[in-house]
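Biologist: Got a minute to walk me through this one? I'd like to cover the sheet, the ligand and a pocket.

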Amino acid sequence: MEIFNYLAEHNHEEVVFWSDKTAGLRAIVAIHSTVLGPALGGCRMWPYVSEEDALLDVLRLAEGMTYKASLAGLDFGGGKAVIIGDPARDKSAGLWQAFGKFINSLHGRYITGEDVGTTVVDMALVHQSTPYVVGLPKTEHGSGDPSPVTAFGVYRGIRACCRACFGLDDLRGRTVAVQGLGKVGAHLARLLAQDGARLVASELNAERAAKIALELGIKLVPPDDIYEVKCDVFAPCALGAVINDTTIGRLRCRIVAGAANNQLADDQLGFELAERNILFAPDYVINAGGIISIGSEVGAFDAQTAWHKTSAIYDSLLRIVALSREEGVPTHLAAHRLAQARIELVKQEHAFFAGRPAINPK
Ligand code: NAD
């Protein structure tokens with residue numbers, strides 16, 4: 001990998017590697033942008049096959065966080081951390097302490113939190129070595145599990161997409177196919193069921209699936225069949241890259257709108273969805289409830305405001321759809337342009353004030 005070329009092409013500010021042999025810590029932090037504020041983004045722990053995989057993952061995730069914060073109207077930049085390790089085997093108090101020291105050494109340019117493979121309990125341990133961590137348990141005055149807020153944002157986003165596609169955001173009688181009934185998927189299914197949507201779902205954990213299906217009257221299908229369910233909305237709430245060359249031709253939906261990060265295996269698929277007349281809700285827009293929720297811990301706004309800001313995902317999506325129609329580009333590109341526009345505006349403001357002479361008080 002041509003690392004400096006990649007950083008220049010994607011405008012990353014900083015990448016830091018940290019190794020602590022005694023604690024068994026191998027971590028990378030990527031700070032993509034601090035134009036809007038300190039870089040905020042979770043810490044992923046994953047048994048990456050190679051160091052290059054870990055590096056590429058952290059770079060891509062950090063960039064995504066910049067656009068997510070920008071479109072959510074937050075005064076945060078984008079960053080991310082990865083720890084190379086197996087979350088089921090390699091966690092220890094020493095590891096979290098060493099990770100906390102690493103984060104502290106960045107003096108607040110990056111604020112960490114939970115992500116895939118890490119939990120609010122882990123973040124409470126990180127908090128022993130640094131203040132620059134959010135997503136703490138409620139018992140530690142944190143915002144707790146962000147999943148309910150994320151699910152609410154996805155629900156609002158689905159309604160906006162229905163309005164854009166069908167002229168009405170009423171979900172009564174609409175069929176939604178939810179992939180994954182985990183923390184976000186289950187909350188989302190509850191909100192959709194309350195609005196009278198017909199639900200079909202797939203979930204790898206059969207016991208969990210059966211329990212939620214019974215509670216909400218969901219029709220379950222085997223995991224691989226979810227792509228072919230004839231529905232109004234396909235809501236990926238499990239893994240990334242589920243819209244790929246193999247699955248795209250199998251979709252029988254009008255809208256793809258779900259919580260999973262990085263749903264498009266590559267950007268070209270955003271063009272293909274548009275050609276197939278399928279409206280795509282860019283994932284970093286619709287799933288921003290989580291970052292809004294943890295962002296409330298930094299003190300600029302409270303938990304109640306976090307729900308209001310998350311509700312506004314509805315308006316963001318309508319703006320993105322309008323721009324996509326006006327400019328004849330797919331929604332993922334329209335979202336990127338809007339996110340970039342806010343960052344450019346703030347950059348110009350910074351440049352203006354930097355070039356202005358200080359006022360001399362008499
Ligand atoms: P989770 O691990 O609680 O839920 C994922 C569920 O998907 C699990 O129950 C798992 O068994 C199921 N699953 C995995 N592969 C599947 C498959 N092939 N078919 C059907 N089911 C499958 O995770 P979560 O917190 O609910 O997050 C879901 C997605 O949303 C993830 O991609 C996550 O990165 C993203 N996300 C979550 C949040 C949040 O606040 N939790 C915020 C933003 C984005």
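Modeller: Sure. A term for the sheet before we start: two strands pair if DSSP finds at least two bridges between them. Also, keep in mind that this is a predicted model.

Biologist: Fine. How many bridges join β8 to β9?

Modeller: Two bridges join them. β8 covers residues 198-202, and the two strands run parallel.

Biologist: Which residue in β9 is the bridge partner of Ala201?

Modeller: Leu220 is the partner of Ala201.

Biologist: And what order do the strands of the open sheet have?

Modeller: The order is β9-β8-β7-β10-β11-β12. That makes an open sheet of six strands, with parallel pairing.

Biologist: Which strands stand at the edges?

Modeller: β9 (219-220) and β12 do. Each has a single partner strand, so one side of each lacks a neighbour in the sheet.

Biologist: Switching to the ligand. How many residues surround it, and which are closest?

Modeller: There are 18 around the ligand. Thr150, Lys183, Val184, Glu203 and Ala238 are the closest.

Biologist: What polar side-chain contact does Glu203 make with the ligand?

Modeller: A polar side-chain atom of Glu203 sits 2.5 Å from a ligand oxygen atom. There are backbone contacts to ligand oxygen too. For Lys183, a backbone N or O atom is 2.9 Å from an oxygen atom of the ligand. For Ala259, a polar backbone atom is 3.3 Å from one.

Biologist: How much of the ligand does the protein bury?

Modeller: The ligand alone exposes 830 Å², and the protein buries 77% of that.

Biologist: Which elements give two or more residues to the shell?

Modeller: α5 (147-166) and α6 (183-194). By class, the shell has nine nonpolar, seven polar and two charged residues.

Biologist: New topic. How much space lies in the second largest pocket?

Modeller: About 230 Å³. Its lining has 15 residues. Ala274, Asn277, Ile278, Leu279 and Ser324 lie nearest the centre of that pocket.

Biologist: Which elements give two or more residues to that lining?

Modeller: α8 (268-275), β12 (279-280) and α12 (313-327). So β12, which stands at an edge of the sheet, also contributes to the lining of the second largest pocket.

Biologist: And what is the lining like by class?

Modeller: Nine nonpolar, four polar and two charged residues.

Key:
Residues numbered from 1 in each chain as written. Predicted model: local features only at pLDDT ≥ 70, side-chain atom pairs only at ≥ 80, totals over all residues. Heavy atoms only, no water. Near = heavy atom within 4 Å. Polar contact = N/O pair within 3.5 Å; in protein donor to acceptor, adjacent residues only side chain to side chain. Areas by Shrake-Rupley, 256 points an atom, 1.4 Å probe, with all protein chains shown as cover. Helix = DSSP H or I, 4+ residues; strand = E, 2+ residues; numbered from the N terminus. Nonpolar A, V, L, I, M, F, W, Y, C, P; charged D, E, K, R; others polar. 1 Å grid on protein atoms, 1.4 Å probe; cavity = no way out; pocket = protein on both sides within 12 Å on 5 of 7 lines; lining within 4 Å. Points joined across faces, edges and corners; volume = space filled by probe spheres on them.
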